[in-house]
Amino acid sequence: MAELNVKNPGLVDILSRTDPDGKIANIIELAEKSNPILKDAVFTECNDGTKHQHVIRTGIPEPAWRRYNAGVKQGKTTTAKVVDTTGMAEEFSVVDEALAKLNGNEAAFRASEMSGLIEGFNQFMARNMIYGSTAVTPDGFMGLDVRYDDPAVASGRQLINAGGTGSDNTSIWFVTWGPRATTLLYPKGSAAGLSHKDMGAQLWDAQDGSGKFRALVDHLKWDMGLSVGDWRGNARICNIDVSALTKDAATGADLLDLMIDAEEMIDTASRVGIDSKGNLVEGKTVIYVGRTVAKFLRKQALNKKNVQLRVEEVAGERVTMWGDMPVRRLDAISNAEAAITFP
């Protein structure tokens, strides 16, 4: 299987913090901690500036039997043109120069201040990867929720109904990352991920309007989009009533049973694609769950005979697995989703 665990380059690779003993320690708010999607996602450079135009296949033709000396009709797939956009998120880190010098380690103090902004960037992007909508925020990008929210359209077959009603629902997402399936986008000619520019010392307007002060300024920027090339590579278990979840699934959603249903909706063909160099690569399907579902998923696994859900040691990290699919907790997944209406 091709390795699709592409590391997202950016400021998070180089930031460090000085502890009281003067030793350099890693900042715990690294991107992959607050946004585990970055452990799995692949990135695609847009082919039209800040937009990405591609064709999705909406129908697969079948071949025909041929007789000797007789012809057959030409097969042709049916397709639809899709344009996905990217959004541009920016922020400034502004530190009083005098305060930074007073701290004794100017560089470490600036890095410490920026760590919170970096975590904010990652939480913001994770939330938009799931719930982003250009109908609500025109300057943003389309996430997964709006692509899988209608049982009446073709992609609606990828929706598994957990039976919840009201507005205290959540979802489990099966997402296939790969050149043919789902990718994250970045504008043509730019770098993928969070970028950083040290803007040095400059006069800055105080937030309270009292005047200007000399500040050390850093600029953070992240251009992001999301593209789904083959909707058959993803599945959504929706309408999971979080208030009705129990550890033995006697009432509420039987999470393990629903995950079997969702897994069977993933089309294996959607996991195979061609990369930008023409190489055949296989995608990687990952399962994302919110904090509440993660808790009850483990409890239900202990209360019934189960061989699918297990915990493995992968590269020194404990990872929950469903078959060959990692299960990752993504706090950006809401417990306040409105119920999707099924026919």
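This report describes the fold, salt bridges, helix packing and selected residues of a predicted model.

## Overall make-up

The protein chain has 343 residues, and 44% of them count as buried. Its secondary structure consists of 5 helices and 17 strands.

Contacts between residues with a separation of 6 or more can be sorted by how far apart the partners are in sequence. In this chain, 76% of such contacts join residues that are 24 or more positions apart.

## Salt bridges between distant parts of the chain

How many salt bridges does a search of the whole structure find? The search gives 17. One of the pairs is Asp 40 with Lys 284, whose side chains meet at 3.6 Å, N to O. Asp 40 sits in the loop between α1 (31-34) and β3 (43-45), while Lys 284 belongs to strand β14 (residues 284-289), so this salt bridge ties together parts that are 244 residues apart in sequence. Are the two partners buried or exposed? Asp 40 is buried, with a relative accessible area of 0%. Lys 284 is also buried, at 17%, because its value falls under the cut-off of 20%.

A second pair is Glu 337 and Arg 236, with a salt bridge of 3.2 Å, N to O. This pair also links distant parts of the chain: Glu 337 is in the segment after β17 (325-329), Arg 236 is in strand β11 (residues 235-241), and the two are 101 residues apart. Glu 337 counts as buried at 7% relative accessibility, and Arg 236 is buried at 2%.

## Other salt bridges

Lys 212 and Asp 205 form a salt bridge in which the closest N and O atoms are 2.6 Å apart. Lys 212 counts as exposed, with 56% relative accessibility. Asp 205 has a relative accessible area of 49% and is partly exposed; it is not classed as exposed because that class requires a value over 50%.

Salt bridges can also join up in a group. Arg 180, Asp 230, Arg 232 and Asp 267 are linked in a network of this kind.

## Cysteines

How many disulfides are there in the model? The count is 0. A disulfide would need a pair of cysteine sulfur atoms within 2.5 Å. Among the cysteines, Cys 46 is buried at 1% relative accessibility, and Cys 238 is buried with a value of 1%.

## Packing of helices α4 and α5

Two packed helices are described by the angle between their axes and by the distance between those axes. For helix α4 (residues 255-265) and helix α5 (residues 291-302), the angle is about 100° and the axes are 9 Å apart. The angle lies in the range from 65 to 115 degrees, so α4 is roughly perpendicular to α5.

Which residues make the contact? Helix α4 contributes Leu 255, Leu 256 and Met 259. Helix α5 contributes Val 293, Phe 296, Leu 297, Gln 300 and Ala 301. Sorted by class, the contact of α4 with α5 has 7 nonpolar residues, 1 polar residue and no charged residues.

## Three buried residues

Arg 328 is placed in strand β17 and is buried, with a relative accessible area of 12%. Leaving aside neighbours within four places in sequence, Arg 328 is in contact with Pro 36, Lys 39, Asp 40, Lys 284, Val 286, Ile 287, Tyr 288, Val 289 and Val 319. The list includes Asp 40 and Lys 284, the two residues that meet in the salt bridge of 3.6 Å.

Asn 128 lies in helix α3 (residues 106-131) and counts as buried at 16% relative accessibility. Outside its neighbours within four places in sequence, Asn 128 is in contact with Phe 141 and Gly 143. Asn 128 and Gly 140 are 12 residues apart in sequence, and their C-alpha atoms are 8.0 Å apart in space. The third residue, Asn 239, is found in strand β11. Asn 239 is not a glycine, yet its phi is positive, at about 60°. Asn 239 is buried, with a relative accessible area of 2%.

Conventions. Residues numbered from 1 in each chain as written. Predicted model: local features only at pLDDT ≥ 70, side-chain atom pairs only at ≥ 80, totals over all residues. Heavy atoms only, no water. Salt bridge = Lys/Arg side-chain N within 4 Å of Asp/Glu carboxyl O. Helix = DSSP H or I, 4+ residues; strand = E, 2+ residues; numbered from the N terminus. Buried < 20%, exposed > 50% of the residue type's maximum accessible area, 1.4 Å probe, protein only. Axes fitted to C-alpha atoms, helices over the stretch in contact; angles between N-to-C directions. Parallel < 35°, antiparallel > 145°, perpendicular 65-115°, else oblique. Contact = heavy atoms within 4.5 Å. Nonpolar A, V, L, I, M, F, W, Y, C, P; charged D, E, K, R; others polar.
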